[in-house]
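Here are some notes to read with the structure open beside you. They go part by part, so feel free to jump around.

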Amino acid sequence: MPFNLKKVLKALLFSSSQPLATRDIQAAFERFHRQASPAPAPEAPAGGAAAVEVADALAEPPDSPDLYEEVPPFVSASQIRETMDEISAELAAAADGLVLVEGASGYRLATEPRFARWIRILREEPPPVKLSQSSLETLAVVAYRQPATRAEIESVRGVSADAGLAKLLERELIAIVGRAELPGRPIQYGTTPRFLEFVGIKSIDELPASDVLSSRQIDAWLKGGTAGHTPNDADMGLDENELALGAPADAPQAAPETAAS
């Protein structure tokens, strides 16, 4: 019976409490072959109970040729990815509540979002608190502009970023990544691996393209904008004659935001 990579990967996924990276799987195969040579068995002491304990310790795994025979010396990243794709498709077809998630740190098994309430009940956890609109806007600027300083974020949004930055730092969605080579050496912020998990991507390169928040456009605003200027519809690439969705034609415009929540 040929070696069954899919069964082994399923077992590794179920047994791992952390995301399983491709290199972790390859390292497991290397260790398997290093341990393939049987070590000399220790002498079994006389005595009934002690002899049974030694026999249990030396017991071989069950006869499973599809798991322990003809194990390849190396499993390539493409083989692992193809097999993980098959496992993911099987879980999706079964619709039993488990999904295979590939994140920045590797593969992991997770429950479907529709079971979130049951998981919170089991763990006695409160419902998750959503990010405010201002925090989401601050997070978007950091994600597309990073590394970004507080002054750059405020120049784009036109309001204070202190509260939003504090919330994002507290939730570990952003982190301090350095200091800019500018007068005063202002702190620079960037996204974290937790942010990648939050939005469901493996790297920043997978963020959708944005004509509004691209680094090129933000740089142009920062270099060409005047102090205190708040980006308007024209700056954002919108038609000035168009109103916000859902706003009546004669509705007064809302006062500009003065502080981030």
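Before the first point, a word on terms: contact here means heavy atoms within 4.5 Å. Also keep in mind that this is a predicted model.

1. Start with the meeting of H1 and H5. On the H1 side, Leu5, Lys6, Leu9, Lys10 and Leu13 make contact with Gln79, Ile80, Thr83, Met84, Glu86, Ile87 and Glu90 of H5. That contact is a mixed bag: six of its residues are nonpolar, two are polar and four are charged. If you look at the H1 residues and wonder about their spacing, recall that an α-helix has 3.6 residues a turn, so residues three or four places apart point the same way.

2. How do these two helices cross? The axes of H1 (residues 5–15) and H5 (residues 77–94) come within 10 Å, with a crossing angle of roughly 75°. Angles of 65 to 115 degrees count as roughly perpendicular, and H1 and H5 are therefore roughly perpendicular to each other.

3. Next, the aromatic rings. Searching the whole structure turns up two aromatic pairs. One of them joins phenylalanine 3 and phenylalanine 29: the ring centres are 5.9 Å apart and the planes are at 85°, so this pair is edge-to-face. Phenylalanine 3 belongs to the segment before H1, while phenylalanine 29 is in helix H2 (residues 22–34), so the pair ties together parts that are 26 residues apart in sequence. Both phenylalanine 3 and phenylalanine 29 are buried.

4. Phenylalanine 32 and tyrosine 68 make a stacked aromatic pair, at 6.5 Å centre to centre with 20° between the planes. Here phenylalanine 32 comes from helix H2 and tyrosine 68 from helix H4 (residues 65–68), so parts that are 36 residues apart in sequence are tied together. Are these two buried or exposed? Neither, quite: phenylalanine 32 counts as partly exposed because its relative accessibility is 29%, and tyrosine 68 is also partly exposed, at 43%.

5. Now for the hairpin. Strand S1 (residues 98–103) and strand S2 (residues 106–111) pair in the antiparallel sense over six bridges, and two residues make up the hairpin connection from S1 to S2. To find your place in the pairing, look for valine 101, whose bridge partner in S2 is arginine 108.

6. Threonine 111 sits in strand S2 and is partly exposed, with a relative accessible area of 40%. Leaving aside residues up to four places away in sequence, threonine 111 touches Gly97, Leu98, Val99 and Ile119. Its C-alpha atom is separated by 8.7 Å from that of leucine 100, eleven residues apart along the chain.

7. Which residue from another part of the chain should you check against valine 101? Try glycine 200: the C-alpha atoms of glycine 200 and valine 101 are separated by 8.7 Å, with their positions 99 residues apart along the chain. Glycine 200 is in the loop between helix H10 (193–199) and helix H11 (215–224), and at 59% relative accessibility it counts as exposed.

8. There is also an open sheet of three strands, in the order S3-S5-S4, with antiparallel pairing. Strand S3 (148–149) and strand S4 (174–179) are at the edges with a single partner strand each, so one side of each has no neighbour in the sheet. S3 pairs with strand S5 (residues 187–191) over two bridges, and threonine 149 stands opposite glutamine 188 in S5.

9. What lies across this sheet? Helix H7 (residues 133–145) lies across S3, S4 and S5 and runs at about 90° to S5. Helix H9 (residues 162–170) lies across S4 and S5, at about 110° to S4.

10. Within helix H7, have a look at threonine 138. This threonine 138 is buried, with a relative accessible area of 0%. Setting aside residues up to four places away in sequence, threonine 138 touches Ile153, Arg157, Leu165 and Leu168.

11. Last stop, helix H8 (residues 150–157). Its buried residues are Glu152, Ile153, Glu154, Val156 and Arg157. Just after H8 comes glycine 158, with a positive phi of about 80°.

Methods
Residues are numbered from 1 along each chain as its sequence is written. This is a predicted model: local features need pLDDT of at least 70, side-chain atom pairs count only at pLDDT 80 or more; totals for chains, interfaces and linings use all residues. Side-chain values use heavy atoms; hydrogens and water are left out. Axes are lines fitted to C-alpha atoms, for helices over the stretch in contact, and angles run from 0 to 180 degrees between N-to-C directions. Helices (H or I, at least four residues) and strands (E, at least two) are DSSP runs, numbered from the N terminus. Angles under 35 degrees count as roughly parallel, over 145 as roughly antiparallel, 65 to 115 as roughly perpendicular and the rest as oblique. Ala, Val, Leu, Ile, Met, Phe, Trp, Tyr, Cys and Pro count as nonpolar, Asp, Glu, Lys and Arg as charged, and the others, Gly among them, as polar. Buried means under 20% relative accessible area, exposed over 50%, partly exposed in between (1.4 Å probe, protein chains only). Two strands pair if DSSP finds at least two bridges between them. Rings of Phe, Tyr and Trp (its six-membered ring) pair if their centres lie within 6.5 Å; planes under 30 degrees apart count as stacked, over 60 as edge-to-face and the rest as tilted.
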